[in-house]
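Let's take a walk through this model, one piece at a time. Keep the structure open beside you and follow along.

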Amino acid sequence: MKKLFFFCLLLSCYSSYAQLLSNKQTFTHDDTLRGSITKERAWWDLKYYKLSVKVEPKDSTFTGSTAVSYQVLQPYQVMQIDLQQPLIITKVVQDGVSLKFKRDGNAYFIELQKAQKVGKNELVTVFYTGKPKVAVRPPWDGGVSWKKDKDGKWFIATSCQGLGASVWWPCKDHMYDEPDSMLISVTVPKGLMDVSNGRLVNIKENTDNTTTFDWAVRNPINNYGVNINIANYYRFSDVYYGEKGKLDLVFFVLPENYTKAMEHFKQVPQMLKAFEHWFGPYPFYEDSYKLVEVPYLGMEHQSSVTYGNGYQNGYRGNDLSGTGWGKKWDFIIIHESGHEWFANNITYKDIADMWIHESFTNYSENLFTEYYYGKEAGHAYILGCRKLIKNDRPIIGTYNVNHEGSGDMYYKGANMLHTIRYIINDEAKWKFILRGLNTTFYHQTVTTQQIENFISRHGDVDLSKVFDQYLRNTQIPTLEYKTTDNVLQYRWTTCIDGFDMPMRIKLADGTYKKILPTTSWQSLNIAKANEIQLDENFYILSKKLNN
């Protein structure tokens, strides 16, 4: 019983992955400042960050600056920059002039002296210091993790989805606006190494017994995708020849895990082969792919995916689906790398639409399984995960207040996508949709409506009611049906008004037939109607009634 309880606890933890605000229903002024495109954000377009930070493990402090390059969209003289307490901004400078600023919760409002003219490119540098929030249960309740390895050397990492990047560095902490590129400069005690996003372009030994590592990111990057990872890392590398040519693979692990990592991380090229098949080219060839060991479970930091699953297959050694297929591969390597396409390439504008990240990435686990073990195996995996669906709250959260929807965005969202795959019932179209999303919205922030419209348009079926039912409602649609020897009667219940999702039934001769139920009873003449079966690939309930 203890083992069963522990496994259930693990499942519960992952179903709330990054759901930092998931139960919050009363919203505050601070929530609005954090979650909305305020007038102090809307007038400027973020172009480039240069983040410089010195990490001092002895007293858990961060000290540094963010240079913010931007283009003026509208004339306005107040800029919002976010930094969460207990960190503080100490100074803001533009063109050598120190600027006045005031704090409102975790938002700072900077008074710009220079006239902000439309079309002009400008730069503001924000200096900060303090002790950032310590991660309590990373990555779900993030911040900074301060650990030590077996040799007593520091093992430090950041994680901040939901909570926000401003928990450890000053930035425009809203997902709608990303820099086109970025430089991350991290100074650490001598003998340690920092690994961040992009490519390492410079190492500088300083006179104060520290070392500075400069990482250049050549692609747009979302705020929470930025990370720092500090340890006495051992490094090894590989090359993957994919759809866009040569992709550098670089791995950073603790010394004691070097040997097993070299074997275990052979799953990375396998992952890339499967996901490039389904989703198209890895989106960040210019920045390489890195897998970095951290003192927590792991997360989808762009081109710097973090790993802490103990060098074992499954999710901490367990199969979330209960079918056995989830023990064939390492959950963190597959899931968190899947986010390179859905989260880092295609990014939600508002965290209320977090399903765009999690539903597709959860479904990527099924697609990986299918690619290597066959369609039946992949389908068994996704159907096995249905037991983890709670139907507690809508998958889409509340907009403009930094509020995520239900953890059902994982398993229910993935099963919704699986259902849509069989509504479309055309494998070529389905693959085109998955790859087309990553091409059409390449390196973009998006809304749920853009994603819904794209799938409906290219699937040649109006899926608006399907999305409303599964994303914005907690009821599972139920197909009620009655049969006689040669007649099938059917209708949808426990559903939204106008629900009209197509459905497949399996006939007595083993073939499938499409039906078009609505909320009204319909009849269909079918030989041996008593022997029909409903297609289990549709996430629905069923109820057979007596005539």
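A residue counts as buried when its relative accessible area is under 20%, and as exposed when that value is over 50%. With those cut-offs in hand, look at Ser303: its relative accessible area is 1%, so it is buried. Bear in mind that this is a predicted model. You'll find Ser303 in the loop between strand E19 (298–299) and strand E20 (305–307). Its backbone deserves a glance too, since Ser303 has a positive phi of about 60 degrees although it is not a glycine. Most residues other than glycine have a negative phi, and most peptide bonds are trans.

Asn209 makes a nice companion to that one. Its phi is near 65 degrees, again a positive value in a residue other than glycine, and it also sits in a loop, between strand E13 (199–205) and strand E14 (210–217). Is Asn209 buried or exposed? With a relative accessible area of 51%, Asn209 is exposed.

While we're on backbone oddities, there are cis peptide bonds to look at. One joins Gln85 and Pro86, with omega about 10 degrees; Pro86 belongs to the loop between strand E3 (78–82) and strand E4 (88–94). Another runs from Pro138 to Pro139, where omega is near 0 degrees. Pro139 is in the loop that connects strand E8 (121–130) and E9.

Now for the strands. Start with strand E1 (residues 44–56), which runs antiparallel to strand E2 (residues 61–72) and is joined to it by 12 bridges. Find Asp45 and look across to E2: Gln71 stands opposite. The two strands form a hairpin with four residues between them, and Ser60 in the turn has a positive phi of about 60 degrees.

E1 has another partner as well. Strand E11 (residues 181–189) runs parallel to E1, and seven bridges join the two. Which residues face each other here? Leu51 has Ile184 in E11 as its bridge partner, and Val53 stands opposite Val186 in E11. In a regular strand the side chains alternate between the two faces of the sheet. From E11 you can step on to E14: these two pair in the antiparallel sense over eight bridges. Ile184 turns up again, this time with Trp215 in E14 as its bridge partner. As for its surroundings, E11 is mostly covered, with seven of its nine residues buried.

There's also an open sheet to trace. It has four strands in the order E9-E10-E15-E12, with antiparallel pairing. At its edges are strand E9 (143–148) and strand E12 (193–195), each of which pairs on one side only. From one strand to the next, the twist averages 15 degrees. Zoom in on the E12 end and you'll see that E12 and strand E15 (residues 229–231) pair in the antiparallel sense over three bridges. One of the pairs there is Met193 with its bridge partner Ala231 in E15.

On to the helices. Helix H4 (residues 258–264) contains His264, which has 13% relative accessibility and so counts as buried. What touches His264, leaving aside its neighbours within four places in sequence? Its contacts are Tyr307, Tyr311, Gln312, Asn313, Asp330 and Ile333.

Last, turn to helix H7 (residues 355–373), which packs against helix H11 (residues 448–459) at an angle of about 45 degrees, with the axes 10 Å apart. H7 and H11 are therefore oblique to each other. On the H7 side, Trp355, Ile356 and Phe360 make the contact, and they meet Thr448, Ile451, Glu452 and Ile455 in H11. Sorted by class, that contact has five nonpolar residues, one polar and one charged. An α-helix has 3.6 residues a turn, so residues three or four places apart point the same way.

H7 also passes a simple length check. At 1.5 Å a residue, its 19 residues should span 27 Å, and its end C-alpha atoms are 26 Å apart, which agrees. Because 16 of those 19 residues are buried, H7 is largely enclosed by the rest of the structure. Just after H7 comes Gly374, which takes a positive phi of about 100 degrees.

How values were computed
Residues numbered from 1 in each chain as written. Predicted model: local features only at pLDDT ≥ 70, side-chain atom pairs only at ≥ 80, totals over all residues. Heavy atoms only, no water. Axes fitted to C-alpha atoms, helices over the stretch in contact; angles between N-to-C directions. Parallel < 35°, antiparallel > 145°, perpendicular 65-115°, else oblique. Contact = heavy atoms within 4.5 Å. Nonpolar A, V, L, I, M, F, W, Y, C, P; charged D, E, K, R; others polar. Expected span 1.5 Å × (residues − 1). Buried < 20%, exposed > 50% of the residue type's maximum accessible area, 1.4 Å probe, protein only. Pairing = 2+ DSSP bridges.
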